[in-house]
Amino acid sequence: MSFLEYAPAPESTAILNLKDSYGLFINGDFVPGHGTPFETISPATEKRIATIANANEKDVDAAVAAARRAYEKTWSKLSGADRGKYLFRIARLVQERARELAVAESLDNGKPIKESRDVDIPLVAAWFFYYAGWADKLDYAGLGAAPRALGVAAQVIPWNFPLLMLAWKIAPALAAGNTVVLKPAETTPLSALLFAEILQQAELPAGVVNIITGAGDTGQALVQHPDVNKVAFTGSTSVGRAIAKSTAGSGKKLTLELGGKAANIVFDDAPIDQAIEGIVNGIFFNQGHVCCAGSRLLVQENIHDEVVDRLKQRLSTLRLGDPLDKNTDIGAINSREQLDRIRELSDIGEAEGAERWTAECAIPENGFWFAPTIFDNVSTSSRIAREEVFGPVLSVLSFRTPAEAIAKANNTPYGLSAGIWSDKGSKILAVADQLKAGVIWANTFNRFDPASPFGGYKESGYGREGGRHGLAAYLKTGIDA
Ligand code: NAD
């Protein structure tokens with residue numbers, strides 16, 4: 001098959017004004033950490049980007065103390081309207097510096113620039129605008145009379161949407177009147193540190209947001225800190241489980257946003273052209289590093305061959321390579337560890353008897369890459385049908401009746417999202433009603449909006465982020481007082 005060749009169209013990194021090393025952002029200033037610093041690299045080239053401070057327990061203490069002081073002395077004294085003004089200011093600064101943030105995100109995370117530019121960063125601004133609007137309307141959120149802030153929120157986020165996950169955490173926390181200590185993932189700290197510069201530019205009072213960098217032990221010290229009132233975590237189910245255990249009985253309010261293994265169900269009356277695009281977007285967006293990715297395709301048996309053939313054709317046109325190139329569809333895998341995990345689970349899928357197909361594409365010499373891959377005839381008991389691969393790997397299963405589709409879709413320890421493709425509205429509603437998933441998309445996939453709550457069932461976690469529901473996680477009302 002031949003198709004048009006594209007000339008390289010790399011986005012320039014000249015817009016970035018990076019420092020050689022970054023400290024911890026505590027009490028409004030960058031300060032050195034007491035742990036051993038680490039380097040953040042570009043997963044596309046393995047080249048060093050900057051040296052990053054590592055927060056130990058002493059630094060965690062200092063960050064939590066700064067957040068507590070700011071809560072008591074400034075933030076809790078401001079009116080909702082005034083808190084809202086800061087959030088609006090942050091949102092506008094994110095928009096002003098959007099190109100720079102997109103380049104930093106693609107450099108540090110490996111995601112294609114067209115995604116960081118057109119999805120991540122616009123959504124970051126949208127999240128701050130949305131919650132800015134709520135800051136002076138908490139009494140009208142339907143959460144009970146006179147809702148009050150919790151105090152200091154400890155927030156730990158993953159590497160797949162670094163700045164967007166930061167926005168999902170910080171925007172509702174501040175709107176509700178809390179102060180924050182946030183820890184970004186160790187492989188993607190860069191955009192959070194640029195965000196700290198934006199907070200300085202916005203003249204947010206010192207200590208209201210503190211950003212500390214480090215690995216799992218830093219995260220652990222933060223969530224276990226006794227002076228924290230609220231813990232919000234997004235990441236793996238195993239770490240989420242450990243956090244749930246360690247915070248149990250402590251009185252800390254907890255929300256967990258964990259993994260997923262979403263079913264994307266395609267009925268034979270679906271608009272096939274749109275469904276093919278939706279399946280591709282569902283699992284190959286952000287290299288499949290998406291907790292709500294449509295990683296299990298459930299396709300009605302009589303259209304199975306047509307759908308799989310057309311998927312293969314479509315995947316053969318995706319361009320894998322330099323994340324900063326505006327033509328790139330599939331960027332780099334975020335880290336060597338994640339690449340190893342994707343390879344291991346894919347090898348297991350093959351050994352378990354599924355048919356493996358991989359798009360032909362040139363793999364760059366350096367960096368971490370995995371070509372788009374489909375496993376067909378996957379059995380429900382296979383590990384690639386049950387475990388989160390968190391990479392560009394789609395498992396295909398088939399079904400005959402809606403009841404079988406529903407049973408297979410729900411046959412998972414997770415319950416974060418699902419997709420339904422059909423021409424019939426009534427069928428979509430009837431099936432959606434029986435799926436055990438927090439978010440269900442109909443004839444689309446991976447759509448996010450700050451007004452829409454997001455969260456899971458079962459091992460996908462608990463609590464909701466986004467919308468009015470997202471505020472509830474950061475407030476106490478008459479009942480909780
Ligand atoms: P992880 O859960 O290990 O890390 C997520 C965040 O938690 C990071 O900031 C990390 O430093 C921190 N952390 C690690 N151990 C901690 C602890 N004991 N206490 C407190 N914080 C801790 O996830 P990962 O290593 O980034 O990825 C592993 C797997 O997690 C992936 O393969 C994928 O299956 C899943 N994942 C899910 C999401 C999601 O959005 N649901 C995001 C990233 C990864």
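**Note on sheets, helix packing and the ligand shell**

1. In this predicted model, an open sheet is built from 7 strands that follow the order E14-E15-E16-E13-E12-E17-E18, and the pairing within this sheet is mixed. Strand E14 (355–358) and strand E18 (439–442) stand at its edges, and because each has a single partner strand, one side of each is left without a neighbour in the sheet. From one strand to the next, the twist averages 20 degrees.

2. At the E18 edge of this sheet, the pairing can be followed to the level of residues. Strand E17 (residues 417–421) and E18 run parallel and are joined by 4 bridges; within this pair, Gly419 has Trp441 in E18 as its bridge partner. As background to both sheets in this note, strands of a sheet pair through backbone hydrogen bonds, either parallel or antiparallel.

3. Helix H9 (residues 272–284) connects the description of the 7-stranded sheet with that of the helix packing. H9 lies across strand E12 (263–266), strand E13 (296–300), strand E16 (393–399) and E17, and with respect to E17 the helix runs at about 170 degrees.

4. H9 also packs against helix H10 (residues 304–315), at an angle of about 60 degrees and with the two axes 10 Å apart; H9 and H10 are therefore oblique to each other. The crossing in which H9 passes H10 is right-handed. On the H9 side the contact involves Ile276, Ile279 and Val280, which meet Arg310, Leu311 and Arg314 of H10. Sorted by class, this contact has 4 nonpolar and 2 charged residues, with no polar residue among them.

5. A further helix pair is formed by H3 (residues 98–109) and H4 (residues 113–134), whose axes come within 9 Å and cross at roughly 125 degrees, and H3 and H4 are therefore oblique to each other. Their crossing is right-handed. H3 contributes Ala98, Leu101, Ala102, Val103, Glu105 and Ser106 to the contact, while H4 contributes Ile113, Ser116, Arg117, Asp120 and Ile121. By class, the residues of the contact between H3 and H4 divide into 6 nonpolar, 2 polar and 3 charged.

6. Helix H13 (residues 402–410) and helix H14 (residues 425–434) pack with their axes 10 Å apart and at an angle of about 35 degrees, and the crossing of H13 and H14 is right-handed. The residues that make the contact are Pro402, Ala405 and Ile406 from H13, together with Lys427, Val431 and Gln434 from H14. In the contact of H13 with H14, 4 residues are nonpolar, 1 is polar and 1 is charged.

7. The model also contains an open sheet of 3 strands in the order E1-E5-E4, again with mixed pairing. Here strand E1 (21–22) and strand E4 (38–41) take the edge positions, each with a single partner strand, so one side of each is left without a neighbour in the sheet. E1 pairs with strand E5 (residues 48–52) in the parallel sense, over 2 bridges, and one residue pairing can be named, since the bridge partner of Ser21 in E5 is Thr51.

8. Turning to the ligand, 26 residues surround it, and the closest of these are Gly216, Gly219, Gly235, Ser236 and Cys291. The elements that give two or more residues to this shell are helix H7 (216–223) and helix H8 (237–247), with the largest share, 4 residues, coming from H7. In terms of residue class, the shell around the ligand divides into 13 nonpolar, 8 polar and 5 charged residues.

Methods. Residues numbered from 1 in each chain as written. Predicted model: local features only at pLDDT ≥ 70, side-chain atom pairs only at ≥ 80, totals over all residues. Near = placed C-beta within 6 Å. Nonpolar A, V, L, I, M, F, W, Y, C, P; charged D, E, K, R; others polar. Pairing = 2+ DSSP bridges. Axes fitted to C-alpha atoms, helices over the stretch in contact; angles between N-to-C directions. Parallel < 35°, antiparallel > 145°, perpendicular 65-115°, else oblique. Left-handed = near helix turned anticlockwise from the far one by under 90°. Contact = placed C-beta atoms within 7 Å.
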